[in-house]
Amino acid sequence: MTVDLEDLRLRVYTSLASTGRAPDLATVAQERGVGEEDVQAALRELAAARHLALDASGKIALAHPFATVDLGFSVKGTNTLWWGGCIWDSFAIPHLVPDEREVLVATTCQGCGRAHAWVVGREAPPDGEQIAHFLVPAAHMWDDVIFTCSNQRAFCDERCLDAWLDRQGHARGYATDLATVWRLATGWYAGRLDRGYVRREPSAAHEYLRGAGLSGAFWGL
Ligand SMILES: [Zn+2]
Ligand SMILES: [Zn+2]
C-alpha cells in the first residue's frame, strides 16, 4: 500500500505545529488503512526529499522548524510548548504557527552555560546582545542535519564562542547577531503548514539568504 506523501507530510507538520509532538505512527497507519511499515517507508521518502529528518531508529527527529528531541531550545507559546531545532528554527516558529504570534525561546550558552531567553514575535527582532553561531556551512547542512541543527546555537559573546570552539576543536563557522537570525527566520519556512508546499529552488534560497543580510562562502553566496 502506498501513502500519499504530501498528505503524510501535512499530517506530521500540523501535529507538530498544534501539539509540539509528532503523530503516533500506528494511529496514522490506522487512519489510512495501511501498515505501519508503509508509513515508515513514506517517512523515509519524505526524509530523502528533506521534508524531515529521522533519527537512527527511524523516528521523526526534525520537521523544520520543529524538533521532537532536545537540541538546546524550548519554545513556549500560549497554547503549545515546542522543542526548537536550533536558534534559526526557534525564531521561525512564531512566523509559521498562525495562533502563536509571540513565543518565549529559552536556551543556554554553549560556552559558559548561562541561561538566555527572548520573547520572539513577528514584528521586530528580539532584544539581546547575544550572538548566534552556525557551525556547518550551508552546502553541508543536510549531510547530517540533526548534527547541524544541534550546532546552531546562542552564545553570550565572542569570548564564550571562542571558548566553546577551542573546547570542541571546531573551526569557526559563521557568527552573527540575533537580528540577522530573526530576519533569516521570518519567511524561511513559509508555506510548510499548507498543502502543496514546495521547497525553494537553490537560486530562490540564495536570494532569500542575501535578503536576510547574509553573505560569503559559508552560505554559498
Ligand atoms: Zn556564555
Ligand atoms: Zn535548525
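Two strands count as paired if DSSP finds at least two bridges between them. The exercises below use this definition on a predicted model.

**Exercise 1. Find which element joins strand 4 to strand 5, and describe how these two strands pair.**

Step 1. Locate the strands: strand 4 covers residues 73-76 and strand 5 covers residues 81-84.

Step 2. Look at the bridges. Strand 4 and strand 5 share four of them, in the antiparallel sense, and pairing asks for at least two. One bridge sets Val 75 against Trp 82.

Step 3. Follow the chain from strand 4 into strand 5. The connection is a hairpin of four residues.

**Exercise 2. Sort the residues of strand 4 by face, and find what stands opposite Val 75 in strand 6.**

Step 1. Recall the general pattern: side chains in a regular strand alternate between the two faces of the sheet.

Step 2. Apply the pattern to strand 4. Phe 73 and Val 75 belong to the covered face, while Ser 74 and Lys 76 belong to the uncovered one.

Step 3. Turn to strand 6, residues 102-108. Strand 4 and strand 6 run antiparallel and are joined by three bridges. Opposite Val 75 stands Val 105 of strand 6.

**Exercise 3. Give the order of the strands in the sheet, and explain why strand 1 and strand 7 each have one side without a neighbour.**

Step 1. Write down the order. The sheet is open, and its seven strands follow 1-2-3-5-4-6-7 with antiparallel pairing.

Step 2. Read off the ends. Strand 1 (53-54) and strand 7 (115-121) are at the edges and have a single partner strand each, so one side of each lacks a neighbour in the sheet.

Step 3. Add the helix. Helix 4 (residues 87-96) packs on the sheet and touches strands 3, 4, 5, 6 and 7. The direction of helix 4 makes about 30° with that of strand 7.

**Exercise 4. Name the residues that coordinate the zinc ion (ligand 1), and determine the geometry of the site.**

Step 1. List the donors: the SG atoms of Cys 109, Cys 112, Cys 156 and Cys 160, at 2.3 Å. Their spacing along the chain is C-x2-C-x43-C-x3-C.

Step 2. See what the site connects. Cys 112 is in the loop between strand 6 and strand 7, and Cys 160 is in helix 6 (residues 158-168), so this pair ties together parts 48 residues apart in sequence.

Step 3. Check the angles. Four donors count as tetrahedral if all angles lie between 85 and 135 degrees. The angles at the zinc ion are 100 to 116°, and the site is tetrahedral.

Step 4. Compare accessibility. Cys 112, with a relative accessible area of 43%, is partly exposed; Cys 160, with 13%, is buried.

**Exercise 5. Decide whether Thr 148 is buried or exposed, and describe its surroundings.**

Step 1. Place Thr 148 in helix 5, residues 145-150.

Step 2. Use the cut-off: buried means under 20% relative accessible area. Thr 148 has 3%, so Thr 148 is buried.

Step 3. List the contacts. Leaving out residues up to four places away in sequence, Thr 148 touches Val 136, His 140 and Met 141. A polar atom of the Thr 148 side chain lies 2.9 Å from the backbone oxygen of Met 141.

Definitions and conventions:
Residues numbered from 1 in each chain as written. Chains lettered and ligands numbered in written order. Predicted model: local features only at pLDDT ≥ 70, side-chain atom pairs only at ≥ 80, totals over all residues. Heavy atoms only, no water. Buried < 20%, exposed > 50% of the residue type's maximum accessible area, 1.4 Å probe, protein only. Contact = heavy atoms within 4.5 Å. Axes fitted to C-alpha atoms, helices over the stretch in contact; angles between N-to-C directions. Polar contact = N/O pair within 3.5 Å; in protein donor to acceptor, adjacent residues only side chain to side chain. Donors = N, O, S within 2.8 Å, 3.2 Å for Na, K, Ca; no water. Tetrahedral: all angles 85-135°; square planar, octahedral: opposite > 155°, others 65-115°.
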